[in-house]
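Morning, everyone. I'll take pockets, one helix and some aromatic rings, in that order. Please have the structure up.

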Amino acid sequence: MLIPAVVSHLCDDAAVFPPGLAPLPDAVRAYRERADAWYVELVGPLVLSAAALPKLGPLLPDDGSRLPLSVTLPEGPAGLPDALATAARLPVEVRSVEVAVPGDLSTSEFLARLDGVPELDVYVEVPRDDRRPEILDGIAGRYRAKFRTGGVRAEMYPGEAELAAAIAAVVEAGVPFKATAGLHHAVRNTDPETGFEQHGFLNVLLATDSVLDGGSTEDAAAVLAERDGAKIAGTLAALGPRRVAAARAAFTSFGTCSITDPLTELVELGLVTAPRPGAGTEGSTA
């Protein structure tokens with residue numbers, strides 16, 4: 001297996017979102033062309049906003065295939081029925097929706113508006129304020145969580161202690177989660193252009209395992225702060241199948257505007273082995 005279970009379908013393709021901002025036709029074409037790449041099992045669905053759905057029709061051929069999607073609703077659940085109705089008329093497979101919590105809705109009102117969603121994964125974008133505990137209580141056993149781990153300003157990046165506490169909270173509640181924004185590299189780093197302290201997506205995965213294995217929030221924060229890529233990769237590679245399955249059931253994926261960048265870093269860290277030239281597989285790490 002070219003893509004090991006520890007990173008299988010870890011990278012949701014968020015090419016149209018910042019900082020990538022790929023035009024929709026380019027993002028759809030790249031996603032479809034990747035279907036024959038050797039690393040296709042690394043990739044989850046294409047992430048698009050509900051507003052992009054009406055523009056998809058002319059970009060999708062009538063060849064019987066269905067484009068896997070995760071649909072975001074940044075304005076909240078009000079637009080969900082229309083988004084699902086639009087998607088139903090397209091050759092797409094909506095695997096999940098990602099719904100923000102509007103500031104003017106109570107938790108009970110928000111959850112009531114999600115009632116009746118068809119059988120698909122619903123990720124609730126958990127806000128970074130005092131609503132978090134109540135929302136996590138409300139979605140436990142029903143929906144999944146989505147955490148923002150960065151953005152265009154330094155304050156949009158949660159510190160190690162905050163993110164570790166969030167991971168511990170969802171693990172304790174049995175709520176699977178995904179992450180989005182700011183996870184531009186596999187390992188914790190300081191962006192040389194902005195000076196932002198950026199979390200590594202492998203750090204998040206290993207911090208999740210740490211909590212699942214009985215570690216404290218402080219232990220998870222220490223893992224999130226670790227900058228030794230070889231140490232992080234080695235620890236992940238040594239996890240047995242049970243711990244890998246548990247960690248990936250808890251931390252399902254993260255959104256990335258580039259698939260090539262995380263793939264290249266995973267190869268460099270030895271967690272993924274690229275096929276030898278001429279081995280009969282499609283695609284490359286370049």
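The second largest pocket has a volume of about 270 Å³. Keep in mind that this is a predicted model. Fifteen is the count to remember here: 15 residues line this pocket, and Y31, R32, A35, V40 and P68 are the closest to its centre. Which elements give two or more residues to that lining? They are α1 (24-33), β2 (43-49) and β3. By class, the lining of the second largest pocket has six nonpolar, three polar and six charged residues.

Now the largest pocket. Its volume is about 630 Å³. It is lined by 33 residues, and those closest to the centre are F17, P18, R148, T180 and A181. Five strands each give two or more residues to this lining: β3 (67-73), β4 (92-100), β6 (144-148), β7 (177-180) and β10 (251-256). The largest share, three residues, comes from β4. The lining of the largest pocket divides into 16 nonpolar, 11 polar and six charged residues.

On to helix α9, residues 241-250. Which of its residues are buried? V244, A247, R248 and A250. Seen down the axis of α9, these buried residues fall within an arc of 160 degrees, so they line one face of the helix. On the other side of α9, P241 and R242 are exposed. What covers the buried residues? The cover includes β7, α6 (201-212) and β10.

Last topic, the aromatics. How many aromatic pairs does a search of the whole structure find? Five. One of them is W38 with Y39. That pair is edge-to-face, with 5.5 Å centre to centre and 85 degrees between the planes. Both rings belong to buried residues: W38 has a relative accessible area of 6%, and Y39 has 12%.

Next, F147 and F177. The ring centres are 5.7 Å apart and the planes sit at 50 degrees, so this pair is tilted. F147 lies in strand β6 and F177 in strand β7, so the pair ties together parts that are 30 residues apart in sequence. Buried or exposed? F147 is buried, with a relative accessible area of 2%. F177 is buried as well, at 1%. Add F251, and F147, F177 and F251 form one aromatic cluster.

That's my set. Questions, please.

Conventions:
Residues are numbered from 1 along each chain as its sequence is written. This is a predicted model: local features need pLDDT of at least 70, side-chain atom pairs count only at pLDDT 80 or more; totals for chains, interfaces and linings use all residues. Side-chain values use heavy atoms; hydrogens and water are left out. On a 1 Å grid over the protein atoms alone, a cavity is a set of points where a 1.4 Å probe fits but cannot get out, and a pocket is an open set with protein on both sides within 12 Å along at least five of seven lines; lining residues have an atom within 4 Å of a point. Grid points are joined across faces, edges and corners, and a volume is the space filled by probe spheres set on the points. Helices (H or I, at least four residues) and strands (E, at least two) are DSSP runs, numbered from the N terminus. Ala, Val, Leu, Ile, Met, Phe, Trp, Tyr, Cys and Pro count as nonpolar, Asp, Glu, Lys and Arg as charged, and the others, Gly among them, as polar. Buried means under 20% relative accessible area, exposed over 50%, partly exposed in between (1.4 Å probe, protein chains only). The arc is that of the directions from the helix axis to the C-beta atoms. Contact means heavy atoms within 4.5 Å. Rings of Phe, Tyr and Trp (its six-membered ring) pair if their centres lie within 6.5 Å; planes under 30 degrees apart count as stacked, over 60 as edge-to-face and the rest as tilted.
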